[in-house]
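Thanks for making time this morning. I would like to walk you through one model, starting with a single helix and then moving outward, so please have the structure open in front of you.

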Amino acid sequence: MFTYVIRRILMLVPVLFGVSVLIFLVMRIIPGDVAQTILGTDATPEALQQLREDFGLNLPLHIQYFNWMSGVLTLDFGESMRTGKEILPDILSRFTVTFELTLISALIAWIIAIPMGIIAAMKRNSNTDFGVRIVSLLGVSFPNFALATIIILVLALVFSYSPPVGYVGFFEDPFKNLEIMIIPAIVMGTSMAGAVMRMTRSSVLEILMQDFIRTIRAKGAKERVVIFQHALKNAMIPILTIIGLQVGTLLGGAVIVEQIFSLPGLGQLVLTAINQRDFMVVQGSVLFIAFIFVLVNLLIDILYAYIDPRISYK
Amino acid sequence: MTNVLEIKDLSIDLIKNKERLHIVNNLNLTIMKKQKYGIVGESGSGKSLTSLSILNLLPEGIEVGNGHILLNNDTNLVNVSKKDMRHIRGNEISMIFQEPMTALDPLFTIEHQVSEVLKFHGETSKKEMHNKMMTLFEQVGFARPKQILKSYPHQLSGGMRQRVMIAMALICKPKLLIADEPTTALDVTIQAQILDLMNELTEYYDTSILLITHDLGVIAETCERVAVMYAGTVVEEASVKDLFDHPAHPYTKGLLSSVKSLGDRTKKLYAIPGNVPSPVELKDAGCRFASRCPFVMDICREKEPELFSVQDRHYSKCWLHDMEEGSTYEYATTDSESS
């Protein structure tokens, strides 16, 4: 088990290397000049040139990449070209916001989706199943921003309630923090729930048709044991795959929802940095997001092996 | 001897667009205590459905339409409550299935899955469970039962899994063991071992067997009485010896002549022409074998034959037995093609 994890972590190195090269090049290929955006259109060519030299942007590409990478390897992601602030602490503090949002959204999604999916599978082709399928399809296809807008409008117009403005950390004021987080989490959660619900339904349905389920029933098992101990555990692998992808993506920041609810998450950081052509921030955050994504998927892979004895650690 | 299981006028229906198609029709059979009873038939004859109906394990859309299934002469399994049925499953009647590869849950150890049966039926002491499992695993012939208990299904071979299934089926000392094609998926060399094991252990535990198979050889080796099923109905029922020595129904004769024999290799193997009709094709009137029967008469197409008593406790569902006594008929074998 231990060697398996070590080997999987080592396998992350080439992936992250690829991502770093790609984002490094993309940032230099896209049009737009950081010096120009900082100094404005009135800046003299000399001043622009000077600023570029300060950032090291005049150096050959491989030297620039090498300089950046040698910093990253010692956990020094450099400084923002706009604010001069250190990048890594900024990423981490924004990541806590994104992490909390992801966690609450995912909990909401799973609490709704998994039981509903199981019920739909158990009562296949009934009205309940039909209802669940429609709801899940809506969840998958209804755009986040529209749902967010509708919720905000309904709350404001019908209940005269508007969520607090301005982010407060969980450890500063937990209740206020949750009040801020809950609506964006519901928005994110419902769209996650749709996909998980569909996967749970089809996966449980498939398992319920297996021979061994008949064996378990023939042994005298209660339906509860059949469903929750045997069917659900067997159905868990495809469900975990979906969950892993969703959580991995969400931890990279939910750009639209963060923007609508003005949450200072990772998505917002990247979006602002791209608009300002803040190379260093974009490179650093994208690399960080990629790292989180592969880490989540590694965790899911380890979970697979934990659930299914046929998947070996070797 | 007392009856363990009595199936009376059983019909199993496929429900399609609110219409009921009788897939199994008017089935009667009685299994006595310690008896080894076989049902033989081609695929599609309804033998598996019959076995599944006993424990109410029929797939969705198929249900018992008529008749009753009596356990120990008193409990009617067709209308017992879900709770009572759970108590019977695995405890009074247990089942072994055809495909040992898929019949065990891949994610749980053998120990978990076997001990479940005991747990479902009220055993709580872990030590007691372990002892029972160890005893039975030794009885089914595992040299290292402890190791088997700790393993997962995918680590065992087909034969070993089927031994586990047998152990699991017998651990509560049931009155009846239903074995649905228990050896079909196994290597020929393992088949005999598994059958011997079933025979031996059911005798030891005073368990009756209902063996479902398409293989007449398996029946000959295992059973005392046999019912031949065709298109959802029993066409002949007799002791195994009678059935092999004096088959009465044209279908049974056809089946027996399609068995390979080592003695005579010159004969071309006989095949009954046509296929088992699907439930949709079945007409309500007439004999279900009429379309494939070489001795078909006018009456066969109009009226369903009764069950005629051919000899003592040997029944056949064929109009041929209605004629004058001593009417003999020979099955048309393909002698002419021998070389």
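Let me begin in helix 7 of chain A, where A146(A), A148(A) and L155(A) are buried. Please keep in mind throughout that what you are looking at is a predicted model. Those buried residues of helix 7 pack against two other elements of chain A, namely helix 8 and helix 11, the latter covering residues 255-260. As for its length, helix 7 runs over residues 144-159, and because a helix is expected to rise 1.5 Å a residue, its 16 residues should span 22 Å, which agrees with the 21 Å that separates its end C-alpha atoms. Just after the helix comes S160(A), and the phi of that residue is positive, near 50 degrees.

Now to the interface between the chains. The size of an interface is often given as the accessible area lost when the parts come together. Here chain A and chain B bury about 2,200 Å² between them, with 61% of that area on carbon and sulfur atoms. On the side of chain B, the residues that lose the most area to chain A are R86(B), L107(B) and F120(B), which together make up 28% of what that side buries. Counted by contacts, 21 residues of chain A meet 26 residues of chain B.

Next, the open space. The largest pocket holds about 1,300 Å³, and of the 37 residues that line it, R217(A), N56(B), L58(B), P59(B) and E60(B) lie nearest its centre. Elements of both chains give two or more residues to this lining, among them helix 5 and helix 10 of chain A and strand 4 of chain B. By class, the lining of the pocket divides into 21 nonpolar, twelve charged and four polar residues.

And what about enclosed space: how many cavities of 30 Å³ or more are there? The count comes to three, and the largest of these cavities contains about 70 Å³. Its lining includes T215(A), A218(A) and K219(A) from chain A, along with residues of chain B such as M165(B), M168(B) and A169(B). Helix 6 of chain B gives the most to the lining of this cavity, with three residues, and taken as a whole that lining has six nonpolar residues, three polar ones and one charged one.

That is where I will stop, and I am happy to go back to any of these regions on the screen.

Methods: Residues numbered from 1 in each chain as written. Chains lettered and ligands numbered in written order. Predicted model: local features only at pLDDT ≥ 70, side-chain atom pairs only at ≥ 80, totals over all residues. Heavy atoms only, no water. 1 Å grid on protein atoms, 1.4 Å probe; cavity = no way out; pocket = protein on both sides within 12 Å on 5 of 7 lines; lining within 4 Å. Points joined across faces, edges and corners; volume = space filled by probe spheres on them. Helix = DSSP H or I, 4+ residues; strand = E, 2+ residues; numbered from the N terminus. Nonpolar A, V, L, I, M, F, W, Y, C, P; charged D, E, K, R; others polar. Expected span 1.5 Å × (residues − 1). Buried < 20%, exposed > 50% of the residue type's maximum accessible area, 1.4 Å probe, protein only. Contact = heavy atoms within 4.5 Å. Buried area = accessible area lost by both parts, 1.4 Å probe.
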